Amino acid sequence: MSTTERTDVEQALLGGTTYRSLGEQRLSPQEERFERARRTAGFVLAPLVTLVFLALPLDLPPSEQTLAGILLGVIVAWVTEPVPIPVGGLIGVALIVLLGVAPAADVLAPFGSSTVFTFIGAFILAQAMLKHGLARRFAFRLLSVPGVGRSTTRVIIAFGVITCCLSAFVSNTATVAMLLPTALGILTVIAKLLQERGHVAGAFDPTRLRVGAALLLMLAYGASVGGLLTPVGSPPNLIGRGLIEEATGERISFAEWSAVAAPICLAMFVVLAVVLLLLNKPEIRRIDGVEEYVAAERAKLGPMSRAERNTLVAFAVTVALWITPGIVALIAGSDSAAYDTVSGRLNEGIVAVLGASLLFLLPTAWGERKFTLDWSDAARIDWGTILLFGTGIIFGSLLADTGLAERIGKSSADVLGLSSTFAVTAFAVLLAILISETTSNTASAAVVVPIIIPIAAATGIDPLVPALAATFAASFGFMLPVSTPQNAVVYGSGAVPITTMIRSGASFDVLGAALILLLLPLMVALVGLGG
């Protein structure tokens with residue numbers, strides 16, 4: 001172990017650096033050559049792909065061809081990172097306006113999305129948890145559960161189970177945002193143990209640990225899996241269910257949905273755990289002495305400080321308000337007037353900023369007018385990730401508004417000659433995943449389900465299974481930070497390299513699609529949906 005230079009693990013993992021240049025990372029010579037080549041190639045490939053696509057003699061309206069060309073270039077920039085990922089998205093947004101795809105006011109309107117405010121509020125709450133040590137306290141509490149802290153594999157799986165269960169009723173984004181500080185606290189503990197026991201060099205980059213990537217990707221992907229379990233678990237579920245009812249008259253109850261989804265979610269979780277642990281094999285499986293270490297560190301923490309208690313109050317209020325619509329849905333039904341009223345007023349974005357505001361109202365020393373957070377603390381949240389997801393929402397909105405997504409779906413169906421339930425369902429799953437990779441999962445459901453229902457009707461098959469498959473698949477799309485809000489949140493931690501997310505996400509996309517195709521028709525038949 002190096003004695004001349006030693007990494008400050010807590011600063012590296014909890015310091016808020018997300019989009020780092022090559023000079024800010026510790027890379028091996030081989031990794032540095034690859035990263036340099038990848039990023040340099042992006043400077044050429046991103047504009048080249050856009051220009052070539054715009055020059056093609058395609059039978060498309062100019063606005064659709066221009067949007068498609070810009071989006072292709074932005075995707076290349078997101079994958080190759082010639083500039084920080086948020087900047088790539090902002091360049092794309094600027095080009096959309098400059099090249100006349102849509103007016104600036106229309107293009108920028110999605111930045112007012114509720115999800116953007118959910119990010120802001122949740123990130124401020126997370127900042128307080130990190131600043132005052134509440135995340136570290138939670139991390140040590142989880143690690144102290146008998147048997148869990150002895151194995152990195154058990155820690156990762158345990159975290160996935162917690163995430164899945166919560167996200168069945170709480171927004172996926174909110175679930176990941178509330179658990180991220182604890183995940184980073186656990187990663188910090190593991191990284192310091194690796195460092196102190198000589199498993200890594202004294203000077204190393206803890207944000208590039210495979211165990212960290214596996215833990216945080218389990219958090220992001222596990223939320224998407226758990227979100228499928230109930231109709232209120234994720235916005236695409238409600239969108240898809242509503243569109244199916246409107247088009248077919250088939251009403252899927254809360255219990256029916258959960259009965260169909262539960263076996264699929266269980267199978268997905270098992271596959272997810274295997275994929276993440278195989279592709280991101282933890283540097284060490286067992287860490288000797290971790291239980292003693294955790295017990296000693298918990299003793300050092302002592303009782304909760306006033307700032308920790310205030311943070312916990314703000315956090316608890318936010319979570320309670322996030323959960324309330326789900327509870328009302330369970331009691332009164334998600335189609336009741338009570339649910340409509342509560343879910344409309346307790347919008348997750350409004351709840352997030354309200355909870356974050358409590359941190360500036362709850363004092364730690366009233367005589368000195370000191371509060372739980374100062375604005376300088378809030379200013380250090382990851383604004384890059386907020387900008388990144390805002391641009392993703394913009395592209396999703398434009399795909400729908402210009403008609404490009406519908407054109408892609410219908411022309412693909414014609415070319416492929418879809419004629420059977422399996423073929424239409426497979427197309428629905430693939431199209432939903434493809435669109436959700438580059439736009440929000442909500443946009444994917446809103447775009448794909450209306451395309452699939454008329455395609456199924458035209459071929460003379462019951463549209464229920466293909467439309468439901470598209471709804472499930474809309475929650476997939478795990479390859480890019482902009483694919484889902486939870487991907488963006490964990491990518492914002494700085495501990496998941498983009499190449500790792502792409503490799504792990506692509507693998508789970510393929511296997512998840514196969515599970516939907518195999519299990520969904522079976523479960524629909526067993527539950528008795530669709531007549």
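1. Start at the beginning of helix H8, where a side-chain oxygen of serine 151 comes within 3.2 Å of the backbone nitrogen of threonine 153. That fits the cut-off for a polar contact (a pair of N or O atoms within 3.5 Å; within protein, one must be able to donate a hydrogen and the other to accept it, and residues adjacent in sequence count only if both atoms are side-chain atoms). Keep in mind that this is a predicted model, where local features need pLDDT of at least 70 and side-chain atom pairs count only at pLDDT 80 or more, while totals for chains, interfaces and linings use all residues. Residues are numbered from 1 along each chain as its sequence is written, and side-chain values use heavy atoms, with hydrogens and water left out.

2. Now the rest of H8, which covers residues 152–167. Helices here are DSSP runs of H or I with at least four residues, strands are E runs of at least two, and both are numbered from the N terminus. The expected span is 1.5 Å times one less than the number of residues, so the 16 residues of H8 should cover 22 Å; the end C-alpha atoms sit 23 Å apart, which agrees.

3. Which residues of H8 are buried? They are Thr152, Thr153, Val155, Ile156, Phe159, Gly160, Thr163, Cys164 and Ser167. Buried means under 20% relative accessible area, exposed means over 50%, and partly exposed is in between (1.4 Å probe, protein chains only). Looking down the axis, these buried residues fall within an arc of 165°, so they line one face of the helix. The arc is taken from the directions from the helix axis to the C-beta atoms.

4. On cysteines: a disulfide is called when two cysteine sulfur atoms are within 2.5 Å, and by this rule the count is 0. Cysteine 164 has its closest cysteine sulfur in cysteine 165, at 6.8 Å, which is too far for a bond. Cysteine 165 is likewise in no disulfide. With 13% relative accessibility, cysteine 164 counts as buried.

5. For the chain as a whole, the secondary structure is 24 helices and 2 strands. Of its 531 residues, 55% are buried. Contact means heavy atoms within 4.5 Å; among contacts between residues at least 6 apart in sequence, 79% join residues at least 24 apart.

6. The largest nonpolar core holds 139 residues, and those with the most contacts inside it are Leu216, Leu219, Tyr221, Met268, Trp322 and Ile516. Helix H9 (residues 172–196) gives the largest share, 13 residues. A core here is a set of buried Ala, Val, Leu, Ile, Met, Phe, Trp, Tyr and Cys residues joined through side-chain atoms within 4.5 Å. A second, separate core has 5 residues, including Val232, Val328, Ala329 and Tyr339.

7. What does tryptophan 322 touch, leaving aside its neighbours within four places in sequence? Its contacts are Thr118, Ala122, Val170, Ala174, Met178, Glu348, Val351 and Ala352.

8. Valine 176 is in H9 and is buried, at 0% relative accessibility. Beyond residues up to four places away in sequence, valine 176 touches Leu219, Ala220, Ala223, Gln486, Val489 and Val490. Leucine 166 is 10 residues from valine 176 in sequence and 9.4 Å away, C-alpha to C-alpha.

9. Two residues of helix H6 (residues 114–131) are worth a look, one of them glutamine 127. Glutamine 127 is buried at 18% relative accessibility and touches Asp377, Arg380 and Ile381, not counting residues up to four places away. Phenylalanine 123, also found in H6, is buried with a relative accessible area of 9%. Leaving aside neighbours within four places, phenylalanine 123 is in contact with Ile381, Asp382, Thr385, Ile386 and Val489. Phenylalanine 123 and alanine 177 are 54 residues apart in sequence, yet 7.0 Å apart in space, C-alpha to C-alpha.

10. Threonine 500 is in helix H24 (residues 498–527). Threonine 500 has a relative accessible area of 10%, so it is buried. Outside residues up to four places away in sequence, threonine 500 touches Ala213, Leu217 and Asn280.

11. Last, check arginine 369, in the loop between strand E1 (363–365) and strand E2 (370–371). Phi of arginine 369 is near 55°, a positive value in a residue other than glycine. Most residues other than glycine have a negative phi. Arginine 369 counts as partly exposed, at 48% relative accessibility.
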